[in-house]
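Please open the structure in a viewer and keep the sequence at hand. The tour below proposes selections in turn and states what each one shows.

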Amino acid sequence: MTTTVTVTRMVTLASRPAKEPGPENFALTTTELPELGDGQLLVQNIFMSVDPAMRGRMETTEKQYTTNFVVGAPLDGSAIGVVLQSKDPAIEVGAHVRHRFGWREHAVVDSVGAAVVDPSRAPLQDWLGILGQTGFTAYAGLIRAGELTAGDTVFVSAAAGAVGSAVGQFARKLGADRVIGSAGGKEKASLLVDDLGFDAGIDYRNDLPKGLAEAAPDGIDLYFDNVGGGHLVAALGALRERGRVALCGMISDLCDRDASPPIGHLIQATLKRLTIRGFIVRDHEDLRTEFEDRVSGWLRDGSITSRTTVTSGLDNAPDAFLSMLSGGNVGKALVQISDENG
């Protein structure tokens, strides 16, 4: 049975931020939905993701790896929802799909850009978090960019966040000997050890280089960088010879450009013969099936845990995004737009 929906609400970019984004940069609007064409789906969104990468897309620079948001147009990002109407015989009404048209209550989606997910295999939230692009980023970054080796000592920044919390847990499952994470505040640093199984948690608001030296007195082999800035400098100092850096994101340089350390610190890469490799997760789709099979198994046997911070209501999506940028989340930051039955 199909459901007819003709209008929906969505969040648009009202203006570009002059410095740090605020509520004034967003607007909630109502718009008509187009009729479905062949191969299209009408999806009622249930959960949507808010991600650090969206910060760069609010500007006109190229500090992102997709497209910039357009002023006056809806924002977008990963979402998961239930199919209300389908003009693709391969996807039935009632199926749950993951797609790229978040920040709205309903979306018309080309079926080629939608992936059917199985909520009996894992909760819907996990298909946007630890089993979604977030977890896949952690997995591909460790295996491909970081070339994780059994026995490694691994350090990850923003370790209480969505990607970082997955990196720490995956690293241990993939053979790391010691896993260290940084987070903002004593409570989050303790959570890394108590809830997520890290060997050490560092409150980066104190003396980060000192904390890293105490947590890894013999140095580190792999640094998974979500932050850049002072974190990258501290990691360069702690890395052993022929260590590796997986560059995932540099949110600190987006949020506080004036505080970015000088590039001269990179001399450590020469002196220690380090490998520094940036990566974009979409280049590693060949790992997707392996990733989903392994991680869903780890979730089922309880050897890893999924953490989410969920905000209710599309109206509150900008607040959820801004809170995530300031470290207000533990694990994946999501917005629940409708109930799980759609």
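The tour begins with the whole chain and then turns to strands, aromatic rings and a cavity.

**The whole chain**

Please bear in mind that this is a predicted model. Display the entire chain: its secondary structure comes to 11 helices and 15 strands. For its 342 residues the globule rule gives a radius of gyration of 20 Å, and the value for the chain is 20 Å, so the chain is as compact as a globular protein of that length. Turned along its principal axes, the C-alpha trace spans about 60 × 45 × 35 Å. Of the 342 residues, 53% count as buried.

**Strand β5 and its two partners**

Select β5, residues 96-99. In a regular strand the side chains alternate between the two faces of the sheet. Here H96 and R98 point one way, while V97 and H99 point the other way, and all are buried.

Next, add strand β4, residues 79-86, which runs antiparallel to β5 and is joined to it by four bridges. Within this pairing, I80 stands opposite R98 of β5. Then add strand β7, residues 115-117; three bridges join β7 to β5, and these two strands also run antiparallel. Here V117 of β7 stands opposite H96.

**Strand β6**

Is strand β6 largely enclosed or left open by the rest of the structure? Select residues 106-110 to see: four of the five residues of β6 are buried, so the strand is largely enclosed by the rest of the structure. Now show strand β3, residues 40-49, which is antiparallel to β6 and joined to it by five bridges. One place to look is Q44, whose bridge partner in β6 is H106.

**Aromatic rings**

Colour the aromatic side chains; the count comes to nine aromatic pairs. Begin with W103 and F321, whose rings lie 6.2 Å apart, centre to centre, with 75° between the planes, an edge-to-face arrangement. W103 belongs to the loop between β5 and β6 and F321 to helix α11 (residues 317-325), so the pair ties together parts that are 218 residues apart in sequence. Both residues, W103 and F321, are buried.

Move on to Y139 and F170. Their ring centres are 6.4 Å apart and their planes stand at 80°; since planes over 60 degrees apart count as edge-to-face, this pair is edge-to-face. Y139 lies in helix α3 (residues 133-145) and F170 in helix α4, 31 residues apart, and the pair links these distant parts of the chain. Y139 and F170 are both buried. Extend the selection to F136, F291 and W298, which ring pairs link with Y139 and F170 into a cluster.

**The cavity**

How many cavities of 30 Å³ or more does the structure hold? It holds one. The volume of the largest cavity is about 80 Å³. Select I130, A162, S165, R307 and K332, which are the closest to its centre among the 13 residues that line it. Then highlight helix α4, residues 162-173, which supplies the largest share of the lining, four residues. Colouring the lining by class gives three nonpolar, eight polar and two charged residues.

Helix α4 is a suitable place to end, as F170 of the aromatic cluster also lies in this helix.

Methods: Residues are numbered from 1 along each chain as its sequence is written. This is a predicted model: local features need pLDDT of at least 70, side-chain atom pairs count only at pLDDT 80 or more; totals for chains, interfaces and linings use all residues. Side-chain values use heavy atoms; hydrogens and water are left out. Buried means under 20% relative accessible area, exposed over 50%, partly exposed in between (1.4 Å probe, protein chains only). Two strands pair if DSSP finds at least two bridges between them. On a 1 Å grid over the protein atoms alone, a cavity is a set of points where a 1.4 Å probe fits but cannot get out, and a pocket is an open set with protein on both sides within 12 Å along at least five of seven lines; lining residues have an atom within 4 Å of a point. Grid points are joined across faces, edges and corners, and a volume is the space filled by probe spheres set on the points. Ala, Val, Leu, Ile, Met, Phe, Trp, Tyr, Cys and Pro count as nonpolar, Asp, Glu, Lys and Arg as charged, and the others, Gly among them, as polar. Rings of Phe, Tyr and Trp (its six-membered ring) pair if their centres lie within 6.5 Å; planes under 30 degrees apart count as stacked, over 60 as edge-to-face and the rest as tilted. The radius of gyration is taken over C-alpha atoms; the globule rule is 2.2 Å times the number of residues to the power 0.38.
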